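Colleague: Please take one part of this model and look at it closely, working through the side chains that pair there. Then set that part beside the other pairings and the ligand site.

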Amino acid sequence: MLDKLDKIEKISRRLEPSSSMRHTINTAVLTYAKTFLTRLPETKAYTLPEASANPDWAAPIGDEPVQIETLLNLLAQHLDRPGINTASAGHLGYIPGGGIYSAALGDYLAAVTNRYAGVYFASPGAVQLENMLIKWMAELVGYPKNAGGALLSGGSIANLTAIVTARDAAGLKSADIPRSAIYLSAQAHHSIGKALRIAGLAEIIVREVEMDDSYRMKPDALAAAIAADRKAGLNPWLVTAAAGTTDTGMIDPLADVGEIAENEQLWYHIDGAYGAFFALCNPGRKALRGMENSHSLVMDPHKTLFLPYGSGAVLVKDRQSMMTSHHYFANYMQDTEALPSDISPADVSPELSKHFRGLRMWLPLKLHGLAPFRAALEEKLLLAQYFYEKIQEIDGFEVGPYPDLSVVVYRYVPAHGDADAFNRRLVEEIHKDGRVFISTTVLNGHFTLRMAAVVFRTHIDTIDLLLEILREKSRMLANQ
Ligand SMILES: *Cc1c(COP(=O)(O)O)cnc(C)c1O
């Protein structure tokens, strides 16, 4: 046995590279990252995937080691190029963030030290750091400092965590579900519907509350829908408003919705996955007035705090209700309860072992200070307003509502012919060009273009480039 151990230990020790081996891989990886960032301004924001691309480029996984250069070459070829370059200033499509570099270093440190951030007993420091960030976010949105919260993988899981908490806080049992109702607008993010299904609430009554011309929920329509349901003997349970919808960037009337929720004793949830961090800048804070009156709130650091993907957050004003839904005791974890402790992430979320997400958030916030975050957010608001004005100066374009945040919806209306078909061709041309990436949606039955300024690298030059491309391509198509 000792012989065998000796032999396999030698192989198993390859998992701990020597200092000189570490130096070699570090240098290769850092050089790769440096090249990626240096070339970023000239790199396309979108590259159509090649139909002939080998889908098994990442295989095979074999017994023998492969050189780091070989692996990085594979990434450069198959990962960096095809699809949306989400780090690019020209990503003006979905709600991206860009991924600030210092967050990657936070992740690196979290991974090297590999502290266990799930429970206080294992790493008081990691849990304290994450709880401090929750407290900071709570303060930012006007929640009390002792609100509950968790750093999660994204807005979808954060919405799910809030909905499960709201379900249990209302004591909804299976028999209550078919007669209970939730209120939202047609612009609510689909992760809410998904969360309801995952939370066992598929049979709940979903009332789509009418919107005004600017895609904001109408408070009177909400009040009327709740009243009608009460009259019918149903159980109005939850209302969810968007602090910035993904589609149009518009903000539901948060204060008015909150007042109705309070009068009607409904759980008030705000989906601020995209918009809540705009509270860091003055105009954003004003636009988001009323956010503080909700019971739960979702915000995505991987969107408007510009962190890499995999960073969402949920806040719940009454942290006890989060614990009621998520705290669990297991025999093998009895040691973890022995110490006086802070609330652990495992007590307030579905996760146990988890990524120490706090470090990728804390390091950039401290290292850069808040000022550049505030400036970048206010800049995005101004860029949307700038685009909104400028696009109307190009012949043929019409716009949706004046932007509440940093999304603008617009489309080209050709002198003759089908507008939907024209805009579809226009976006195809823009994708083929690839210098910028925009996305589309359907509003009031019309195929519509979206401009979302969210990436921290996006400045006025990129918006001017988009305007130039739109002018050039629309003129070309109109003259065909
Ligand atoms: C992006 C988004 C979500 C979903 O968040 P993920 O982080 O992608 O899971 C939910 N709601 C809104 C308003 C969003 O913009």
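Modeller: Glu472 is partly exposed, with a relative accessible area of 38%. This is a value from a predicted model. Arg435 is likewise partly exposed, at 35%. Both residues fall in this class because a relative accessible area under 20% would make a residue buried and one over 50% would make it exposed.

Glu472 and Arg435 form a salt bridge, in which the closest N and O atoms are 3.9 Å apart. Glu472 belongs to helix H16 (residues 460-478), while Arg435 sits in the loop between helix H15 (419-433) and strand E12 (439-443), so the salt bridge ties together parts that are 37 residues apart in sequence. The distance of 3.9 Å passes the test because a side-chain nitrogen of Lys or Arg has to lie within 4 Å of a carboxyl oxygen of Asp or Glu. The pair also belongs to a network of salt bridges that links Asp433, Arg435, Glu472 and Lys473. For the model as a whole, the count comes to 20 salt bridges.

Another of these pairs is Arg207 with Asp229, whose side chains meet at 2.9 Å, N to O. This salt bridge links distant parts of the chain, with Arg207 in strand E5 (residues 205-209) and Asp229 in helix H8 (residues 219-231), 22 residues apart. The two partners fall into separate classes of accessibility: Arg207 is partly exposed at 30%, whereas Asp229 is buried at 4%.

Glu379 and Lys380 also make a salt bridge, and there the closest N and O atoms are 2.7 Å apart. Glu379 has 23% relative accessibility and counts as partly exposed. Lys380 has 1% and counts as buried.

A polar contact that involves a serine can be added here. Ser325 is placed in helix H12 (residues 319-326), and its side chain is joined to that of Asp168 by a polar contact of 2.6 Å. Apart from neighbours within four places in sequence, Ser325 is in contact with Val164, Thr165 and Asp168.

Helix H6 (155-169) leads on to the ligand: H6 and helix H11 (301-304) each supply at least two residues of the shell around the ligand. The largest share, three residues, comes from H6. There are 14 residues around the ligand, and those that come nearest are Gly155, Ser156, Asp271, Asp300 and Lys303. By residue type, the shell divides into two nonpolar, nine polar and three charged residues.

Oxygen atoms of the ligand have side-chain partners in this shell. A polar side-chain atom of Thr246 lies 2.8 Å from a ligand oxygen. For Ser156, a polar side-chain atom is 2.6 Å from an oxygen atom of the ligand. In the case of Asp300, an N or O atom of the side chain is 2.6 Å from a ligand oxygen. On its own the ligand has 380 Å² of accessible area, of which the protein covers 85%.

To return to the part chosen for the close look, Glu472 and Arg435 are joined by a salt bridge, and they share a network with Asp433 and Lys473. Glu472 is partly exposed, and so is Arg435.

Technical notes. Residues numbered from 1 in each chain as written. Predicted model: local features only at pLDDT ≥ 70, side-chain atom pairs only at ≥ 80, totals over all residues. Heavy atoms only, no water. Near = heavy atom within 4 Å. Polar contact = N/O pair within 3.5 Å; in protein donor to acceptor, adjacent residues only side chain to side chain. Areas by Shrake-Rupley, 256 points an atom, 1.4 Å probe, with all protein chains shown as cover. Helix = DSSP H or I, 4+ residues; strand = E, 2+ residues; numbered from the N terminus. Nonpolar A, V, L, I, M, F, W, Y, C, P; charged D, E, K, R; others polar. Buried < 20%, exposed > 50% of the residue type's maximum accessible area, 1.4 Å probe, protein only. Contact = heavy atoms within 4.5 Å.
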